[in-house]
Each structure stands twice: as C-alpha cells, then as structure tokens.
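Here are some exercises to work through with the model open beside you. Try each one before you read its solution.

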Amino acid sequence: MKILVLPKPIEGVSREELLQHAAAEIQAVWKLYAQGICREFYTRANEPGRVVLMFESASVEGAKEALATLPFAQLHLIDFDLIPLAPFTGLSSLFRVASEGRAG
C-alpha cells in the first residue's frame with residue numbers, strides 16, 4: 001500500500017530545535033529508504049523546507065511503526081498525517097460510456 005506522509009512540526013517546537021537533530025533524522029529516513037519503506041521524498045514547492053514522503057507499507061499501522069523510529073518522532077518534535085492511497089478507478093466509467101456510445 002502506498003501511503004503519503006505529511007510531516008508537521010508539533011506546536012511550540014522551534015526550527016532551531018529541529019535543525020539540532022536534522023542530521024540524525026536524514027540518516028534515519030535514508031535507512032527507511034534502503035529498507036524499501038520510504039520510496040520517495042520531496043520538498044513542498046509551496047512551502048520550501050517542508051518534506052513529503054511516500055511510503056510503501058502493508059498497512060498504515062506499519063507505516064506508523066516505521067515513522068516512530070525517526071529521531072524527530074522519538075523526541076516528540078514532529079507529528080505526521082498519513083494518507084493511504086489506492087488506484088483511481090473513476091476513469092473506468094468514461095471507458096464504459098465511450099464503448100456504449102460506439103455500440104449503437
């Protein structure tokens with residue numbers, strides 16, 4: 001299952017505090033990448049410096065367990081919104097309509 005991970009700083013945590021642990025956080029994310037859990041990572045174009053991760057996990061719970069290994073999470077500096085993704089099947093109705101139109 002693909003899971004979109006949107007990290008969000010916990011209210012009251014300063015950028016300086018995050019930066020103190022940034023090197024360890026980056027190494028931990030790289031470890032998840034090497035394990036095939038974190039498949040992609042991006043920075044948000046509309047919020048430079050904010051990261052977006054794409055996880056591959058059997059479940060949202062599995063992704064939460066992987067995220068719990070990150071230093072920012074262990075130090076309670078950051079929280080995450082996890083959004084499970086599924087294939088979009090809405091286009092199939094367009095193909096049905098197109099094939100019905102040709103049948104006549």
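**Exercise 1.** Does Glu-61 count as buried, partly exposed or exposed, and at what relative accessibility?

*Solution.* A word on the ground rules: this is a predicted model, where local features need pLDDT of at least 70 and side-chain atom pairs count only at pLDDT 80 or more, while totals for chains, interfaces and linings use all residues. Residues are numbered from 1 along each chain as its sequence is written, and side-chain values use heavy atoms, with hydrogens and water left out.

Step 1: get the cut-offs. Buried means under 20% relative accessible area, exposed means over 50%, and partly exposed is in between (1.4 Å probe, protein chains only).

Step 2: apply them. Glu-61 has 48% relative accessibility, so it counts as partly exposed.

Step 3: check its partner. Glu-61 forms a salt bridge with Lys-64, with 3.8 Å between the closest N and O atoms; the term means a side-chain nitrogen of Lys or Arg within 4 Å of a carboxyl oxygen of Asp or Glu. Lys-64 is partly exposed too, at 41%.

Step 4: place the pair. Both sit in helix α3 (residues 60–67), three residues apart, which means about one helical turn between them. Helices here are DSSP runs (H or I, at least four residues), strands likewise (E, at least two), and both are numbered from the N terminus.

**Exercise 2.** Find the salt bridges that strand β1 makes with other strands, using Lys-2 and Lys-8 as starting points.

*Solution.* Step 1: start with Lys-2. Its side chain meets that of Glu-56 at 3.8 Å, N to O. Lys-2 is in strand β1 (residues 2–9) and Glu-56 in strand β3 (residues 47–56), 54 residues apart.

Step 2: look at exposure. Lys-2 is partly exposed at 40%, and Glu-56 is partly exposed at 27%.

Step 3: go on to Lys-8, which pairs with Asp-81 at 3.0 Å, N to O. Asp-81 lies in strand β4 (residues 78–85), so this bridge ties together parts that are 73 residues apart in sequence. Lys-8 is partly exposed at 30%, as is Asp-81 at 35%.

Step 4: set these against the total. The structure holds five salt bridges, and Arg-44, Glu-47 and Arg-50 are linked in a network of them.

**Exercise 3.** Describe the largest pocket: how much space lies in it, and what lines it?

*Solution.* Step 1: take the volume, which is about 590 Å³. The residues closest to the pocket's centre, out of 20 that line it, are Glu-25, Gly-49, Arg-50, Val-51 and Phe-72.

Step 2: list the elements. Those giving two or more residues to the lining are β1, α1 (15–20), α2, β3 and β4.

Step 3: sort the lining by type. You get 16 nonpolar residues, one polar and three charged. Nonpolar covers Ala, Val, Leu, Ile, Met, Phe, Trp, Tyr, Cys and Pro; charged covers Asp, Glu, Lys and Arg; the others, Gly among them, are polar.

Step 4: recall the pocket rule. On a 1 Å grid over the protein atoms alone, a pocket is an open set of points where a 1.4 Å probe fits, with protein on both sides within 12 Å along at least five of seven lines; lining residues have an atom within 4 Å of a point. Grid points are joined across faces, edges and corners, and the volume is the space filled by probe spheres set on them.

**Exercise 4.** What is the sign of phi at His-76?

*Solution.* Step 1: read the angle. Phi is positive, about 55°, although His-76 is not a glycine.

Step 2: compare with the usual case. Most residues other than glycine have a negative phi.

Step 3: locate the residue. His-76 is in the loop between α4 (71–74) and β4, and at 60% relative accessibility it counts as exposed.
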